[in-house]
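Trainee: Please take me through one part of this model closely, residue by residue. I would like to follow how the pieces around it fit together.

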Amino acid sequence: MSEPNLATRTHFTMAADGSSGATQGGERIPNVDSVKKTIATYYGDTGNGIANKTSSPYISEMDKIVKRATKSLKRDYLLAIKHHQKPAIVFDADDTTLWTYDMEVGAMHFTFDPALQDVWVQDQRFPATPAMVGFVTKAAKIGYTVFGLTGRNDDQKAATLANLAKDGYTSFTDARFYTKWTGVGSSQQPSYMHCALAKCTTVEFKSQTRKHIESLGYDIKLNVGDQFSDLQGGYADQTLKLPNPTYYLP
C-alpha cells in the first residue's frame, strides 16, 4: 500500500474574514506550522524572523503589483483634472508604506504586543515596504495629493511621520496624515466620525475618514492598503490590495 502524499501545502483557500473556519473540515484547515514556514519562505526569512531586504518572492510580487499600478497613474490624474477634480491617493502605513515583518515575526512571533509595537514605532525601526517609496514619489510628482491613514494612534503620529521621512517618503505631511484618537486629553474622536459603537471598527474609522477627505474637495482616485479593512466602506474610485499574510485586521 502506497504512503499518502505528505508534502507541505503551499496554497490555501480561505475566506478573507476567516469565516470559512466554521465550515471547513479539519483536513481543509491549514496547519499553523506549515503556514508559518510558507510565510517565512515568501519573505526570504531563513529562520530568524528577519525578512530578506534584497530578494524574495514578496519583493518580486510587490515590484510587479506596483509596476502595474504605476501605469495608470498619469492617465487617471489627467482624466480627473479634465473633470475639474482634485485627485488624491490614500495610503495605509503598516505593511503598505512601512514594513513590519521583522517586528511581527522576529520580535513578536506572530503574537501582537502593543507595548512592544509602541517601542518599535517610537524608535522608527521600520524599513519602507518594497517598491512603495518610488510609487508614492511618482504619484506626488504627477500631481496627486498624498494622504496617510493608519490605525496607529495620535501619540504615534510624530514618530510615524519621522520614520516615513527617514525611509525616503517626502509627500506625507502632518495635516494630511490621519491617526486614531486615544480618548485622552486632546486626542478625541473627530466630529465627522459616526460609529455604531463607542469604539469605531477599522472599516468605520477608515471609510469615514476618507469621506471627510472627500468633503474637503478631494476625489480619492486610489486607496492603497494591505488589509481588506483598509479598503472597504467606499469613498475611493479604486482600491489596491497589497499582500500581507502575517496578520489580519477586521
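Mentor: Let us begin with Gly148, which is buried, its relative accessible area being 0%. Buried means under 20% relative accessible area, exposed over 50%, and partly exposed in between, with a 1.4 Å probe and protein chains only. The model is a predicted one, in which local features need pLDDT of at least 70 and side-chain atom pairs count only at pLDDT 80 or more, while totals for chains, interfaces and linings use all residues. Residues are numbered from 1 along each chain as its sequence is written, and side-chain values use heavy atoms, with hydrogens and water left out.

Gly148 belongs to strand E2, which covers residues 145-153. Strands (E, at least two residues) and helices (H or I, at least four) are DSSP runs numbered from the N terminus. Setting aside neighbours within four places in sequence, Gly148 is in contact with Phe91, Phe172, Arg176, Phe177 and Tyr178; contact means heavy atoms within 4.5 Å. Val119 makes an instructive comparison: 29 residues separate it from Gly148 along the chain, and the two C-alpha atoms are 21 Å apart.

Two of the contacts of Gly148 lead to other strands. Phe177 stands opposite Gly148 in strand E3, and E2 pairs with E3 in the parallel sense over 3 bridges. Two strands pair if DSSP finds at least two bridges between them. E3 itself, residues 177-180, is covered on both faces: Phe177 and Thr179 are buried on one side, and Tyr178 and Lys180 are buried on the other.

In the other direction, Gly148 is the bridge partner in E2 of Phe91. Here 4 bridges join E1 to E2, and these strands run parallel. E1 takes in residues 87-91, and 5 of its 5 residues are buried. Which residues of E1 lie on each of its two sides? Pro87, Ile89 and Phe91 lie on one side, with Ala88 and Val90 on the other, and all of them are buried. In a regular strand the side chains alternate between the two faces of the sheet.

E1 also pairs with strand E4, residues 219-225, again in the parallel sense, over 5 bridges. Val90, which has its place in E1, shows this pairing well. Its bridge partner in E4 is Asn223. With a relative accessibility of 1%, Val90 counts as buried. Its contacts, apart from neighbours within four places in sequence, are Phe147, Leu149, Ile213, Ile220, Leu222, Asn223 and Val224. One of these, Leu222, is 132 residues away from Val90 in sequence, yet the C-alpha atoms are 6.5 Å apart in space.

Asn223 leads on to Asp230. Asp230, in helix H9 (residues 228-231), has Asn223 among its contacts beyond four places in sequence, together with Asp92, Lys206, Arg210 and Gly225. Asp230 counts as buried because its relative accessibility is 4%. A polar atom of its side chain lies 3.1 Å from the backbone nitrogen of Asp226.

A second aspartate deserves attention. Asp76 is part of helix H3 (residues 73-82), and with a relative accessible area of 12% it is buried. Not counting residues up to four places away in sequence, Asp76 touches Tyr144, Lys221 and Gln238. With Gln238 there is a side-chain polar contact of 3.1 Å. A polar contact is a pair of N or O atoms within 3.5 Å; within protein, one must be able to donate a hydrogen and the other to accept it, and residues adjacent in sequence count only if both atoms are side-chain atoms.

Finally, turn to helix H1, residues 32-42, whose buried residues include Ser34, Ile39, Ala40 and Tyr42. The buried residues of H1 pack against helix H2 (57-71) and against H4. At the start of H1, a side-chain oxygen of Asn31 comes within 2.9 Å of the backbone nitrogen of Asp33. Just after H1, Gly44 adopts a positive phi of about 70°.

To return to the starting point, Gly148 stands opposite Phe177 in E3 and is the partner of Phe91. E1 then continues the pairing to E4 over 5 bridges.
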